[in-house]
Amino acid sequence: MRYLLLIPLLLGLAWMPSREASADEPSPARLRQLAESLLDDRLEVALDAAQALRFLGSDAAPVLPELLLALARELDPHTASLHWHPDQGRLPLYRLKVIETLETIGPPAKPAVPLLAAQLERTGRASRTALVRALLSIAPDADETFDALSSLVATGRWRLHASCAGRVRRWVEAQGARAAPMLAGVLERGTGKDKAWAAKCLVGLGPIGDAPLLRLLARDNYAWSKLVIDTFVEAGRMPKSAVPAAIRLFAQDSFDGDTEAYARAIALSAKEAAAPLA
C-alpha cells in the first residue's frame, strides 16, 4: 500500500523537466517588451534588447518587423560613435547584434535579405563576415544574396574570418557556370591560395572557365603560367609529359596573346607539343 502512495510523487517528478523546458520559451509579453526596447531611443536599452533576442534564436522570429526597423535604423553620428565594436569596423555593436539575431532565426528572416545585402558594402572584415554569415544562413539561393556575394568575391573584397571564407568558397563552387565571372575576378585580383582555388574551379567548368585561364596565361608571367599549366595537368586536361614542350612553346611568345592558340597548345600531347603549331 505504501508503494502506491509513491506513484503520484514519481509522476510529479517525471513531469517537472517538461514544465521547466516550456518555461524557457519566451512569453508573448516578454517578446513584446523586447520588441519595444529594441527601438528605444536610449541605445543602451536597445542594445540590451538586441543581445537578449540574439540568445533566443528562432524563438525571436515574432519580433522580425522590429528587427527590420532596427537594421535600417539610422543613428546620429555622435551616439553611434560611442557604440562602435572594436572588431567590427564602423558597424555599431547594436546593429551587429541585430544581424546575428537574424542569422539565428534563419530562413524565416528572409525579408531582411535586401537590407543585409545593401549593408555588405561596408568596409571592415568583421562587419562583412557578420553580414555574409547571415545571408548564407537565411537565403543562400536568393537573387539578392547572389548579386551581393558575386560583387564581393569578384572585386576581391572577401577577406573574411577563416570559417566564413570557407562557407563562401563552398557557396561559389555550388553556383556552377554562374560562378565563372566571380572566379575570373579572384584570378585577376586574388593572391596565393585564392588564385589557385579560382583556377581549379574554373578548369572544372570547361570552355566557359578556360577563357579567363588562357587570358592569364597570355600575360607572359612565369608564375601565372605555371599556375595555369599545373591546374590543367591536375584536372587531367593536359598530360604531364607535355609540360616541358608546352612551356617551350609559351616561352617562344609566338602566340601574340591569341588565347585560341594557347588553348590548342594546352590540348597538345607531348609528341605534338615538340613540333611548331601549324
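Me: Before we look at Ser150, what does buried mean here?
Reply: Happy to start there, and do keep in mind that this is a predicted model. A residue over 50% relative accessible area is called exposed, and partly exposed covers the values in between. Buried means a relative accessible area under 20%.

Me: Is Ser150 buried or exposed?
Reply: Let's find the residue first: Ser150 sits in helix H9, which covers residues 143-154. Leaving aside residues up to four places away in sequence, Ser150 touches Trp171 and Met182. Its relative accessible area is 13%. Because the cut-off is under 20%, Ser150 is buried.

Me: What share of the residues of the protein chain count as buried?
Reply: Now for the wider view: the protein chain has 17 helices and zero strands. It exposes about 15,100 Å², with carbon and sulfur atoms supplying 57% of that area. Of its 278 residues, the share that count as buried is 44%.

Me: Is H3 roughly parallel or roughly antiparallel to H6?
Reply: Helix H3 spans residues 43-56 and helix H6 spans residues 93-105, and their axes come within 8 Å. Those axes cross at roughly 20 degrees. Angles under 35 degrees count as roughly parallel, so H3 relative to H6 is roughly parallel.

Me: How many nonpolar residues are in the contact of H3 with H6?
Reply: On the H3 side the contact includes Leu43, Ala46 and Leu47, and on the H6 side Leu93, Tyr94 and Val98 are among them. Three residues of this contact are polar and three are charged. The nonpolar residues number eight.

Definitions and conventions: Residues numbered from 1 in each chain as written. Predicted model: local features only at pLDDT ≥ 70, side-chain atom pairs only at ≥ 80, totals over all residues. Heavy atoms only, no water. Helix = DSSP H or I, 4+ residues; strand = E, 2+ residues; numbered from the N terminus. Buried < 20%, exposed > 50% of the residue type's maximum accessible area, 1.4 Å probe, protein only. Contact = heavy atoms within 4.5 Å. Areas by Shrake-Rupley, 256 points an atom, 1.4 Å probe, with all protein chains shown as cover. Axes fitted to C-alpha atoms, helices over the stretch in contact; angles between N-to-C directions. Parallel < 35°, antiparallel > 145°, perpendicular 65-115°, else oblique. Nonpolar A, V, L, I, M, F, W, Y, C, P; charged D, E, K, R; others polar.
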